[in-house]
Amino acid sequence: MRSGLALGIETSCDETAAAVIQDGTKIRSNIVLSQIDIHRKYGGVVPEIASRKHIEAVFPVINEALERAEVTLNDIEVIAVTYGPGLVGSLLVGIAAAKALAYALDKPLVGVNHIEGHIYANFLNRAELIPPFVCLTVSGGHTDLLLIPELGHYEILGRTRDDAAGEAFDKIARVLGLPYPGGPQIERLAAAGNPNAIAFPRGLNEAGNFDFSFSGLKTAALNYLNHANQKGEEVNLPDFAASFQWAIIDVLTTKLLAAAEEYQVKQILLSGGVAANSTFRNHVKEKAAQAGLEVWYPPAHLCTDNAAMIGSAGYFRYLAGHRSGWDLNALPNLKLGDD
Ligand code: KG4
Ligand code: ZN
């Protein structure tokens, strides 16, 4: 049945999400049930709790997505579900739900790489974007700098060698006693601070190196706090947060623009939770304008985990002929280009 409707399902971490997408780009509904309040008291996501909550929520969330879109399961043409990377127990809940629906309704099933989903968030509710792109995917688990010569093809130019950018935000926020997830908290604190107050190190900053490293920055930030503590000095938290955030944004932006120049690509895509950071978005936009490049990024609520992006990526995979079998399994360490 050709309705152009995809049901997207996303349960890779701590959001239970479902969405109905028309023709790969138009959001008919997008439901995200966050478990953040539950995990916050533990300072991060507890995998066993996450999968239990997904089991409770997955079908109610799917039903709500269908209702909001004013469609029934029969109207759906393809069912798309995240199968990695992510927490294995969480991924399995979404996959089992998607398989059950696809089997019972005799609909095609398409497994989607979560990172590819983040990239496709750029295509939602937007006129067609035409490659090539240089893309930076920055989330809690990933910092990938990619060349996208054509849709569905990814050349990895660089990755983080240690922490992901979002993970660095989360870890330092935790040390400061700020709630999870730390990125938005640091951004809020940084708004009143001076980004040049503390000279934090930039990892792997030699020209032509597109890999990232945030462990040196993390250590420097921890040392700064410990020294102040030992000396009984009060830390100016807004300055600390602004300088820490700036160290991350500076490295991300410098490498992204250097990659666009080296590969002679005129369009930049941002994706992933850290791309919700407005200081980062504005800085990339400013630098790109100076270099004559175009920048695209999704609205903030589509940068963080959602199922609209999975419905979009899944629909385009489906159009390209991809189908998953009943043996579709969770792949916690799935990489872009593995599938
Ligand atoms: O893409 P996402 O929702 O989940 C993963 O796939 O990991 O990204 C979550 C990450 C967290 O580390 C969170 O702290 C970070 O994105 N994040 C931010 C902001 N909003 C979310 N980091 C910096 N500034 C923000 N405004
Ligand atoms: Zn994500």
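Mentor: Buried means under 20% relative accessible area, exposed means over 50%, and partly exposed lies in between (1.4 Å probe, protein chains only). This is a predicted model, in which local features need pLDDT of at least 70, side-chain atom pairs count only at pLDDT 80 or more, and totals for chains, interfaces and linings use all residues. Residues are numbered from 1 along each chain as its sequence is written, chains are lettered from A and ligands numbered from 1 in the order in which they are written, and side-chain values use heavy atoms, with hydrogens and water left out.

Trainee: How many residues of strand 7 are buried?

Mentor: Strands (E, at least two residues) and helices (H or I, at least four) are DSSP runs, numbered from the N terminus. In a regular strand the side chains alternate between the two faces of the sheet. Strand 7 has T143, L145 and L147 buried on one side and D144, L146 and I148 buried on the other. The buried count for strand 7 is six of six.

Trainee: In which sense do strand 6 and strand 7 run?

Mentor: Two strands pair if DSSP finds at least two bridges between them. One bridge links F133 with I148 in strand 7, and the two strands form a hairpin with four residues between them. Six bridges join strand 6 to strand 7, and their sense is antiparallel.

Trainee: Which residue in the hairpin of strand 7 and strand 8 takes a positive phi?

Mentor: Four bridges join strand 7 to strand 8, again in an antiparallel arrangement. L146 stands opposite I156 in strand 8. The hairpin has six residues between its strands, and the residue with phi near 85 degrees is G152.

Trainee: Which strands are at the edges of the sheet 8-7-6-9-10?

Mentor: This is an open sheet of five strands with mixed pairing, in the order 8-7-6-9-10. An edge strand here pairs on one side only, and the two edge strands are strand 8 (155–159) and strand 10 (294–296).

Trainee: How many bridges join strand 9 and strand 10?

Mentor: Strand 9 covers residues 267–271. Q267 stands opposite E294 in strand 10. The two strands pair in the parallel sense, and the number of bridges is three.

Trainee: What angle does helix 8 make with strand 6?

Mentor: Contact means heavy atoms within 4.5 Å. Axes are lines fitted to C-alpha atoms, for helices over the stretch in contact, and angles run from 0 to 180 degrees between N-to-C directions. Helix 8 (residues 237–262) packs on the sheet and touches strand 6 (133–138), strand 7 (143–148), strand 8 and strand 9. Its direction and that of strand 6 make an angle of about 160 degrees.

Trainee: Why is one side of strand 3 and of strand 5 left without a neighbour in the sheet?

Mentor: The sheet concerned is open, with five strands in the order 3-2-1-4-5 and mixed pairing. Strand 3 (26–34) and strand 5 stand at its edges, so each has a single partner strand.

Trainee: At about what angle does helix 2 run to strand 2?

Mentor: Strand 2 (residues 15–22) is joined to strand 3 by eight bridges in the antiparallel sense, and E15 has S34 as its bridge partner in strand 3. Helix 2 (residues 47–69) lies across strand 1 (5–10), strand 2 and strand 3, and its angle to strand 2 is about 25 degrees.

Trainee: What is the geometry of the zinc site (ligand 2)?

Mentor: Donors are N, O and S atoms within 2.8 Å of the metal (3.2 Å for Na, K and Ca), and sites may look incomplete because water is not among the atoms. H114 (NE2), H118 (NE2) and D305 (OD) coordinate the zinc ion at 2.0 to 2.1 Å. Four donors count as tetrahedral if all angles lie between 85 and 135 degrees. The angles among the four donor atoms are 95 to 131 degrees, and the site is tetrahedral.

Trainee: How many residues apart in sequence are the parts that H118 and D305 tie together?

Mentor: The donors follow the spacing H-x3-H-x186-D. H118 lies in helix 4 (residues 114–120) and D305 in the loop between helix 10 (300–303) and helix 11 (308–319), so the parts they tie together are apart in sequence by 187 residues.

Trainee: How many disulfides does the structure have?

Mentor: A disulfide is a pair of cysteine sulfur atoms within 2.5 Å. The sulfur of C303 is 11 Å from the closest cysteine sulfur, in C135, which is too far for a bond. A search of the whole structure gives a disulfide count of zero.

How values were computed. Tetrahedral: all angles 85-135°; square planar, octahedral: opposite > 155°, others 65-115°.
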